[in-house]
Amino acid sequence: MGNERYKILLIDDEEVVLDSCARMLRGGNHEVVSIMDGAQGVELAHQFHPDLVIVDLKMPGISGLEVLERIHAFDPTIVSIMLTGFATVGSAVDAMKRGACDFLPKPIAPDEFRMVVSRALERRRLILETQALRREKEMLREQFAAIVSHELKSPLGAIQQNLFVLAEELSDKLDESQRQRLERMKVRVTDLMKMIQTWLRLISADIGKIRDNFHPVAIKEVIAKAIESVQNEATRKNIEVLAEGADTPRRVNGDEGTLVQALVNLLNNAIKYSRSASEIQVRVTEDGDKVALAVADSGVGIAADELPHVFEDFYRAPSSAKGEQGAGLGLPLSRRIVEAHDGTISVSSEPGKGSTFTIRLPALKTS
Amino acid sequence: MSKAKQLLIIDDDVDYVDGIKAILTRAGYEVAAAYNPKSGMELLKSKPWDLFLLDVMMGRGAEGIMMARQIGKDPKLRETPLLIITGIREQIAFLFPGEPVHPHFVANDELMEKPVDPKLLLERVAALLKASEAKKAKAK
Ligand SMILES: Nc1ncnc2c1ncn2[C@@H]1O[C@H](COP(=O)(O)OP(=O)(O)O)[C@@H](O)[C@H]1O
């Protein structure tokens with residue numbers, strides 16, 4: 001267990017038990033505090049913020065179970081061990097159900113005590129580690145948002161502004177075709193800017209915000225726009241994108257722009273992780289009040305043990321991602337978009353055979 | 001013909017500033033630029049100006065906002081019309097949750113969103129200058 005220093009709180013109404021526990025913990029380099037009353041123990045836990053609570057089941061005043069319940073109510077990550085008399089082993093099960101990690105029957109054998117404590121602390125260490133990791137990821141995401149915001153938006157903003165100025169300055173010097181191309185450039189850059197802003201909104205905080213503008217969106221439109229936007233890339237790789245059932249009349253309540261984005265991410269991946277001269281299928285099926293959009297490729301596939309992670313931020317599956325550019329943000333973004341629409345996204349894949357990503361959305365009733 | 005109007009633009013993106021400057025210069029204004037809040041503040045106080053154009057989202061920390069607030073608090077500077085140019089309107093609300101989307105930094109500042117349309121920019125600038133002149137004439 002290394003030499004990490006943990007805070008341990010002992011709660012027992014018997015002084016001898018407290019003393020012997022404290023003695024057994026000595027030399028472990030931990031900070032140990034003991035108290036003889038349950039209610040006071042809960043109070044103390046708030047200030048002391050222990051890593052581990054060792055509590056007696058049977059105490060006058062509030063019981064050990066209640067102590068645990070209250071402590072977990074304010075911090076569920078604190079690990080705990082319940083001390084029980086022989087007669088009450090049955091309620092130890094109850095204690096485990098209420099969140100105790102382990103229990104020890106009295107009288108307490110030193111070896112067993114040390115083993116159970118070290119097991120509990122190991123568990124605590126893992127919990128803290130996971131939390132730290134999650135926080136780090138969270139920070140990375142926020143930082144990333146700040147970087148995208150500044151490093152990407154300002155140069156693009158300058159380009160955009162100058163296009164507007166140039167269009168104005170050159171208005172009487174350009175021929176019709178030149179003028180049209182300049183207008184197209186303005187539109188493209190403006191779209192790009194909007195996209196960055198949408199991404200930013202999604203990645204930084206509030207994807208829920210898109211819900212404010214939800215309105216009926218035709219699935220047909222979403223598919224057509226998504227396919228159109230990846231068509232060039234597909235053609236470049238000589239990949240054919242086939243659509244099946246895509247002329248569905250079904251609609252969903254949502255935000256068209258982000259739904260297109262969610263599908264585009266899947267299509268881009270399908271193209272990216274497929275060999276050239278292959279086929280990609282977009283299949284629309286209806287399943288009661290749900291509509292499913294599946295994107296199937298016959299590309300490199302994803303290994304089974306990597307599959308559960310592909311929707312996580314910054315994750316890139318070693319089996320497929322190598323050699324390809326990417327940030328590991330496409331699928332998580334799609335997942336966030338789909339979930340904001342009360343939908344689900346899932347994947348099945350076989351290495352060497354291909355992958356199928358499926359978006360399921362609640363459809364509006366057909367009228 | 002009176003002397004050309006003196007405008008000061010404060011925005012951290014040199015290329016962006018060049019675009020705006022081109023529009024205004026062509027329309028006959030004299031335009032100076034500062035690319036960060038610090039030198040912006042110095043220039044601001046160095047001589048009288050007819051109008052400020054300010055990017056409130058300047059820098060990572062949106063330092064332009066702080067600058068706008070400073071201008072708003074300074075009894076002398078706040079006499080000069082302020083045209084705020086912002087990348088994205090909602091971000092102002094972001095920064096000061098609970099405050100109105102566009103808190104007025106000075107009495108009669110105006111807000112334009114990037115990218116600004118050249119024609120509209122000229123209209124707004126002209127209107128702001130005219131209003132400020134009328135105010136000055138009245139005060140005399
Ligand atoms: N169609 C696919 N075929 C094989 N692997 C895929 C496919 N789509 C996604 N992946 C894997 O999932 C990872 C995460 O995808 P994504 O979030 O879109 O990020 P990336 O920018 O890396 O493509 C990819 O790095 C890749 O390893």
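Let us begin at the ligand: one of its oxygen atoms lies 3.0 Å from a polar side-chain atom of Lys272(A), a pair that falls within the 3.5 Å allowed between N or O atoms in a polar contact. Within protein, a polar contact also needs one atom able to donate a hydrogen and the other able to accept it, and residues adjacent in sequence count only if both atoms are side-chain atoms.

This is a predicted model, in which local features need pLDDT of at least 70 and side-chain atom pairs count only at pLDDT 80 or more, while totals for chains, interfaces and linings use all residues. Residues are numbered from 1 along each chain as its sequence is written, chains are lettered from A and ligands numbered from 1 in the order in which they are written, and side-chain values use heavy atoms, with hydrogens and water left out.

I return to the ligand. An N or O atom in the side chain of Arg316(A) is 2.5 Å from an oxygen atom of the ligand, and a polar backbone atom of Gly330(A) is 3.2 Å from a ligand oxygen atom. On its own the ligand has 530 Å² of accessible area, and the protein covers 97% of that area (Shrake-Rupley method, 1.4 Å probe). The elements giving two or more residues to the shell are helices H8 (256-272), H9 (318-321) and H10 (330-340) and strand S12 (354-362) of chain A; helices are DSSP runs of H or I with at least four residues, strands runs of E with at least two, numbered from the N terminus.

I turn next to Asp102(A). This residue lies in strand S5 (residues 102-105) of chain A. Is Asp102(A) buried or exposed? Its relative accessible area is 13%, so Asp102(A) is buried (under 20%; exposed is over 50%, partly exposed in between, with a 1.4 Å probe and protein chains only). Its side chain makes a polar contact of 2.6 Å with the side chain of Arg119(A).

Finally, the cores. The largest nonpolar core has 42 residues, and Ile223(A), Leu263(A), Leu267(A) and Ile359(A) have the most contacts inside it. Such a core is a set of buried Ala, Val, Leu, Ile, Met, Phe, Trp, Tyr and Cys residues joined through side-chain atoms within 4.5 Å. H8(A) gives the most to this core, with nine residues. Apart from this core lies another, of 22 residues, among them Val165(A), Leu53(B), Leu121(B) and Leu129(B).
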